[in-house]
Amino acid sequence: MVTTCTAGDCTVDCSGGCICIANADIPHYCFCDCTDPSTKPAGKKVSYQNRIKITPQARYNICFRNVPITTLAQSFDKVLPNRILVPANKLA
């Protein structure tokens with residue numbers, strides 16, 4: 001079964017789970033990858049456009065499919081390094 005993720009100008013087809021993240025204002029600043037390292041992209045090549053630029057007011061389009069929540073957190077850490085994501089109930 002092929003899983004497709006798309007965000008901004010990036011798209012990836014994977015035989016397992018996938019992730020795509022793009023800057024909402026600059027769609028060519030995007031990143032896509034297959035989350036299972038043992039699977040290769042099916043059909044299309046992984047799109048590695050310009051790296052996402054982090055700014056305080058940036059908005060992102062994000063697509064995750066068929067991935068565990070822990071993989072989601074690890075992916076955010078790879079794409080947005082040194083940004084700590086804290087559960088909302090821990091902020092008080």
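The following legends describe close-up views of a predicted protein model.

**Figure 1. Overall arrangement of secondary structure in the predicted model.** The protein contains five strands and one helix, which follow one another along the sequence in the pattern β-β-β-β-β-α. Of its 92 residues, 35% are buried. The exposed surface amounts to about 6100 Å², with carbon and sulfur atoms supplying 53% of that area. Among contacts with a separation of 6 or more, 43% join residues that lie 24 or more positions apart.

**Figure 2. The largest nonpolar core.** This core comprises 12 residues, including C5, A7, C10, V12 and C14. C18, C20, A22, C30, C32, C34 and C63 also belong to the core. At least two of the core residues come from each of β1 (3–7), β2 (10–14), β3 (18–23) and β4 (30–34).

**Figure 3. Surroundings of C18.** The view is centred on C18, a member of the largest nonpolar core. Beyond its neighbours within four places in sequence, C18 is in contact with T3, T4, C5 and V12, among others. Further contacts of C18 include D33, C34 and T35, as well as C63, F64, R65 and V67.

**Figure 4. Confidence along the model.** The mean pLDDT of the protein is 75, and 62% of the residues score at least 70. Confidence is highest in β1, at 93, and lowest in helix α1 (residues 69–79), at a mean of 73. Residues 41–49 have a pLDDT below 50, although the model gives this stretch 25 contacts beyond near neighbours in sequence. Predicted coordinates should not be read in detail where pLDDT is low.

Methods
Residues numbered from 1 in each chain as written. Predicted model: local features only at pLDDT ≥ 70, side-chain atom pairs only at ≥ 80, totals over all residues. Heavy atoms only, no water. Core = buried A, V, L, I, M, F, W, Y, C linked by side-chain atoms within 4.5 Å. Buried < 20%, exposed > 50% of the residue type's maximum accessible area, 1.4 Å probe, protein only. Helix = DSSP H or I, 4+ residues; strand = E, 2+ residues; numbered from the N terminus. Contact = heavy atoms within 4.5 Å. Areas by Shrake-Rupley, 256 points an atom, 1.4 Å probe, with all protein chains shown as cover. pLDDT = per-residue confidence, 0-100.
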